[in-house]
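Colleague: I've just opened this one and I'm still learning to read structures. Can we go through it together, bit by bit?

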Amino acid sequence: MKERKISKEEVRAALEQGETIEDYPEDWPFPSQLMLGIVEDRPLHVVAGFDEQTGICYIVTVYDPNPVRVVGGFQGEEMTMKCIMCKHGETERRLVSVLIDQEETPLIIKNVPADVCRNCGERYFDEETTGKLLDLSNSESHESGEVEIIRFAA
Ligand SMILES: [Zn+2]
């Protein structure tokens with residue numbers, strides 16, 4: 001977390017003001033959520049697990065969203081691979097929300113197929129999906145100042 005230069009205060013602000021963009025009710029050991037917070041004009045993704053018994057919130061991972069990382073060598077089929085970020089998680093296919101961090105209006109695209117690391121939450125998109133995401137981010141008209149949310153059509 002330190003490498004990314006994200007402060008505790010920013011994480012707290014993201015959790016408090018952020019919007020839940022994905023729920024992972026099946027996550028182990030606690031159900032968790034992916035939150036998107038805009039903290040001082042900077043989008044932050046926080047994956048947090050919540051232990052209802054103790055009321056303690058566990059931060060699983062925090063990152064600057066980077067939706068357009070392309071990983072070659074896999075073709076959009078259901079398969080698992082080893083995560084290249086944390087090097088021990090395996091990925092599983094999920095529908096995720098993607099944040100395109102643009103200068104004026106951040107764009108959230110929901111229901112995007114991705115291979116998500118079960119350990120660290122890193123997402124991988126195949127080339128076709130990445131192309132569509134780029135098209136969407138270029139083609140939508142934006143009113144500045146607000147987060148825009150659209151659905152991904154496969
Ligand atoms: Zn990982």
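Colleague: Is asparagine 111 buried, partly exposed or exposed?

Modeller: First, a warning: this is a predicted model, where local features need pLDDT of at least 70 and side-chain atom pairs count only at pLDDT 80 or more, while totals for chains, interfaces and linings use all residues. Residues are numbered from 1 along each chain as its sequence is written. Now count C-beta atoms, placed from the backbone: 20 or more others within 10 Å of a residue's own means buried, 12 or fewer means exposed, and in between means partly exposed. Asparagine 111 has 13 C-beta neighbours inside 10 Å, so the label is partly exposed.

Colleague: Which element holds asparagine 111, and what is its phi?

Modeller: Asparagine 111 sits in strand β6; strands (E, at least two residues) and helices (H or I, at least four) are DSSP runs, numbered from the N terminus. Most residues other than glycine have a negative phi. Asparagine 111 is not a glycine, yet its phi is positive, at about 60°.

Colleague: What about lysine 87: buried or exposed?

Modeller: Lysine 87 lies in the loop between β4 (56-63) and β5. It isn't a glycine, but it has a positive phi of about 65°. Only the neighbour count matters for your question: lysine 87 has 10 other C-beta atoms within 10 Å, so it is exposed.

Colleague: In what order do the elements of the chain run?

Modeller: You'll be looking for two helices and eight strands. Start at the N terminus and read along: α-β-β-β-β-β-β-β-α-β.

Colleague: How many bridges join β6 to strand β8?

Modeller: Two strands pair if DSSP finds at least two bridges between them. β6 pairs with strand β5 (residues 91-100) in the antiparallel sense over nine bridges, and there glutamate 92 has valine 116 of β6 as its bridge partner. With strand β8 (residues 148-151) the pairing is parallel, and lysine 110 stands opposite arginine 151 in β8. The number of bridges between β6 and β8 is four.

Colleague: Which residue takes a positive phi in the hairpin of β6 and β7?

Modeller: β6 and strand β7 (residues 123-124) run antiparallel and are joined by two bridges. One pair to find is aspartate 115 with its bridge partner in β7, tyrosine 124. The hairpin has five residues between the strands, and the one with a positive phi, near 85°, is glycine 121.

Colleague: Which strand gives the largest share of the largest nonpolar core?

Modeller: A nonpolar core is a set of buried Ala, Val, Leu, Ile, Met, Phe, Trp, Tyr and Cys residues joined through C-beta atoms within 7 Å. The largest one here has 21 residues, and those with the most contacts inside it are Met35, Val46, Val98 and Ile109. At least two residues each come from α1 (8-17), β2, β3 (42-51), β5 and β6. The largest share, seven residues, comes from β6.

Colleague: How many residues of β6 are buried?

Modeller: Across the chain, buried residues make up 23% of the 154 residues. Strand β6 (residues 107-117) is mostly covered. Of its eleven residues, the number buried is eight.

Colleague: Last one: is serine 32 buried or exposed?

Modeller: Serine 32 lies in strand β2 (residues 32-39). Its C-alpha is 8.7 Å from that of glutamate 22, ten residues apart in sequence. Serine 32 has 24 C-beta neighbours inside 10 Å, so it counts as buried.
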